[in-house]
Amino acid sequence: IEEIKNIPLKDIANIGCHVYCWTTNKMLHETFHILESWGVNFHLVMPMVKPSGIAPCMGYVFASEFVLLGFFGKPMQKFTKIGKLNWIKFFNGANKHSTKPDEFYKLVEEMSPAPRIDIFARSFRDGWDVFGDEVESDVQLIANPLTQANSTSLSFNKGLEVSPSSPPKLPSATSQNPNIMF
């Protein structure tokens, strides 16, 4: 948890960018603290209903996950649409463990402005930058000391450069830093 709290969101996020953070029932409370540690203002919970789950201790079946949506700093970037439901109904069968459903990505693509990055990605998705240990990352969030000893820039969106030491940028149509999904 501390490692996740220490992700340097301020180095990669525009002021007001939308941050979507997945969590489970067990970790829901702690996830609010993670958002707080990143400087993300909580906006809403988006439940995802799944076709099946596990039943620990012969109690309720855990057939839901949650996405906490927040925004980094203020003001929040505007949504690109209005009137969408804040929940995801996922009944297309089971995905690989922790793989997020296409319905979620489509919802984010409809509601949040580009550019977008999926941190802890499991696979590549058109229109998104990806970073993770299960996918060939197309962005670098952490400088590799063996190859970039003096590097201070982060690369997003197929080659656009942003510097973590530059002052915060207000949201704009030409913004280079991404909306973020964990």
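Reader: Which strands does helix α2 (residues 28-38) lie across?
Author: Bear in mind that this is a predicted model, where local features need pLDDT of at least 70, side-chain atom pairs count only at pLDDT 80 or more, and totals for chains, interfaces and linings use all residues. Residues are numbered from 1 along each chain as its sequence is written, and side-chain values use heavy atoms, leaving out hydrogens and water. Helices (H or I, at least four residues) and strands (E, at least two) are DSSP runs, numbered from the N terminus. Running at about 150 degrees to β1 (axes are lines fitted to C-alpha atoms, for helices over the stretch in contact, with angles from 0 to 180 degrees between N-to-C directions; contact means heavy atoms within 4.5 Å), helix α2 lies across β1, β2 and β3.

Reader: And what angle does helix α3 (residues 102-111) make with β1?
Author: Helix α3 packs on the sheet too, touching β1, β2, β3, β4, β5 and β9. Its direction and that of β1 make about 165 degrees.

Reader: Which strands sit at the edges of that sheet?
Author: Seven strands make an open, mixed sheet in the order β4-β2-β3-β1-β9-β5-β6. Two strands pair if DSSP finds at least two bridges between them. The edge strands pair on one side only, and they are β4 (88-89) and β6 (129-131).

Reader: Which residue of β3 stands opposite C21?
Author: Strand β1 (residues 18-23) is joined to β3 by six bridges, and the two run antiparallel. Opposite C21, in β3, stands L68.

Reader: Is Y60 buried or exposed?
Author: Y60 lies in the loop between β2 (40-54) and β3 (62-72). Buried means under 20% relative accessible area, exposed over 50%, and partly exposed in between (1.4 Å probe, protein chains only). With a relative accessible area of 74%, Y60 is exposed.
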